[in-house]
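Visitor: I would like to learn how to read a protein model feature by feature. Where should we begin?

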Amino acid sequence: MPIAMQGHARYNIANALAAAAALMALDLEPAAIGSALADFVSDARSNPLRSNCYSIAGKTVVVDYGHNMAAYRALCEMARSMLRGRGGRLIGVVTAPGDRRAGDLFEVGALCGKGFDELVVYEQDPRGRSNGETAAAILAGARSTAGAKPLHGIPPIRDAFAHGLGLAGRDDIVIFTCAGTLDDAVDGIRRVDPAAADRLAAEIAA
């Protein structure tokens, strides 16, 4: 089941179990359900911004539209499972919508400060907040849990993603919670790996 990402994406395993149970209750053939789960691939073409995984300049990059506590917790757990035994770091390029309560933004930052080894915070959807306010609230939360881990506030989405890619080594994983479009991801990737950016752009256009 490709969306399980070799068993690391436990949230997708849970989603698949729930979907299978519902479909079986509707009397669909188990073989057909199994075939659909085996064939479904979460990539830029069939399921954009939902745990899309790429190799960029030898680094593992996961692009996902995670934007709340549950999503960040699940993504960190998945990535830590992927890192087990390889010794790399987990780098986050993250944000949250500006219309969340200040306390919610702080809590997102606190979770990310604890969950990632290095963190880049950007802004994309202020929803009434002034420039810099959302990132400041997330960073304040991150500082409460990150200890000596490096934290970066880079508001423009494409600059932030490119910076996060630049921080990563070959054994690291970058989680980019993309609140924009896949074009934003392509632009960030192009700055460090033009060939990979061309492949992703072709995948999107297909």
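**Reading the salt bridges**

Guide: Asp 104 forms a salt bridge with Arg 101, and the closest N and O atoms of the pair are 2.9 Å apart. Keep in mind that this is a predicted model.

Visitor: What is the general idea behind such a pair?

Guide: Side chains of opposite charge can pair when their charged atoms come close. A salt bridge is called here when a side-chain nitrogen of Lys or Arg is within 4 Å of a carboxyl oxygen of Asp or Glu. By that rule the count comes to 13 salt bridges.

Visitor: Are Asp 104 and Arg 101 buried or exposed?

Guide: Asp 104 is partly exposed, at 28% relative accessibility. Arg 101 is exposed, with a relative accessible area of 62%.

Visitor: Which residue forms a salt bridge with Asp 172?

Guide: The partner of Asp 172 is Arg 89, with 3.7 Å between the closest N and O atoms. Asp 172 lies in the loop between H6 and E6, and Arg 89 in the loop between helix H3 (69-83) and E3, so the pair ties together parts that are 83 residues apart in sequence. As for accessibility, Asp 172 is buried at a relative accessible area of 7%, whereas Arg 89 is partly exposed at 28%.

Visitor: Where does Arg 191 lie, and where does Asp 159?

Guide: Take the distance before the location: Arg 191 forms a salt bridge with Asp 159, and the closest N and O atoms are 2.8 Å apart. The pair links distant parts of the chain, with Arg 191 in the loop between H7 and helix H8 (194-205) and Asp 159 in helix H6, 32 residues apart. Arg 191 is partly exposed, with a relative accessible area of 46%, and Asp 159 is partly exposed at 35%.

Visitor: Which residues are linked with Arg 191 in a network of salt bridges?

Guide: The network joins Arg 191 to Arg 158, Asp 159, Asp 184 and Asp 187.

**A buried charge**

Visitor: What is the nearest side chain of opposite charge to Asp 64, and how far away is it?

Guide: That side chain is Arg 50, at 5.5 Å; Asp 64 is buried yet has no salt bridge. The cut-off is 4 Å, so the distance of 5.5 Å does not qualify. In such a case, look next at the polar contacts. The side chain of Asp 64 reaches the backbone nitrogen of Ser 51 at 2.7 Å. A polar atom of the Asp 64 side chain also lies 2.9 Å from the backbone nitrogen of Gly 66.

Visitor: Where in the fold is Asp 64, and what is in contact with it?

Guide: Asp 64 is in strand E2. Leaving aside neighbours within four places in sequence, its contacts are Leu 49, Arg 50, Ser 51, Leu 75, Phe 176, Thr 177 and Cys 178.

**Packing**

Visitor: How do I read the packing of a helix?

Guide: List its buried residues, then see what they pack against. In helix H6 (residues 157-167) the buried residues are Ile 157, Ala 160, Phe 161, Ala 162, Gly 164 and Leu 165. They pack against the strands E2 (59-64), E3 (90-94), E4 (118-121) and E6, and against H7.

Visitor: What is Gly 180 in contact with, leaving aside its neighbours within four places in sequence?

Guide: Gly 180 is in contact with Leu 49, Gln 124 and Ile 157. Gly 180 lies in the loop between strand E6 (173-177) and helix H7 (182-190). Gly 180 counts as buried because its relative accessible area is 19%, and the cut-off is under 20%.

Visitor: Which residues does Val 108 touch?

Guide: Not counting residues up to four places away in sequence, Val 108 touches Met 69 and Tyr 72. Val 108 lies in helix H4 (residues 102-115) and is buried at 5% relative accessibility.

**The whole chain**

Visitor: How many helices and strands does the chain have?

Guide: There are eight helices and six strands. Along the sequence they follow the pattern α-α-β-β-α-β-α-β-α-β-α-β-α-α.

Visitor: What do the overall numbers say?

Guide: The radius of gyration is 17 Å, which agrees with the value near 17 Å for a compact globule of 206 residues. Of the 206 residues, 45% count as buried. Among contacts between residues at least 6 apart in sequence, 71% join residues at least 24 apart. The chain exposes about 9700 Å², of which carbon and sulfur atoms supply 55%.

Note on methods:
Residues numbered from 1 in each chain as written. Predicted model: local features only at pLDDT ≥ 70, side-chain atom pairs only at ≥ 80, totals over all residues. Heavy atoms only, no water. Helix = DSSP H or I, 4+ residues; strand = E, 2+ residues; numbered from the N terminus. Buried < 20%, exposed > 50% of the residue type's maximum accessible area, 1.4 Å probe, protein only. Contact = heavy atoms within 4.5 Å. Lys, Arg positive; Asp, Glu negative; His and termini not counted. Polar contact = N/O pair within 3.5 Å; in protein donor to acceptor, adjacent residues only side chain to side chain. Rg over C-alpha atoms; globule rule 2.2 N^0.38 Å. Areas by Shrake-Rupley, 256 points an atom, 1.4 Å probe, with all protein chains shown as cover.
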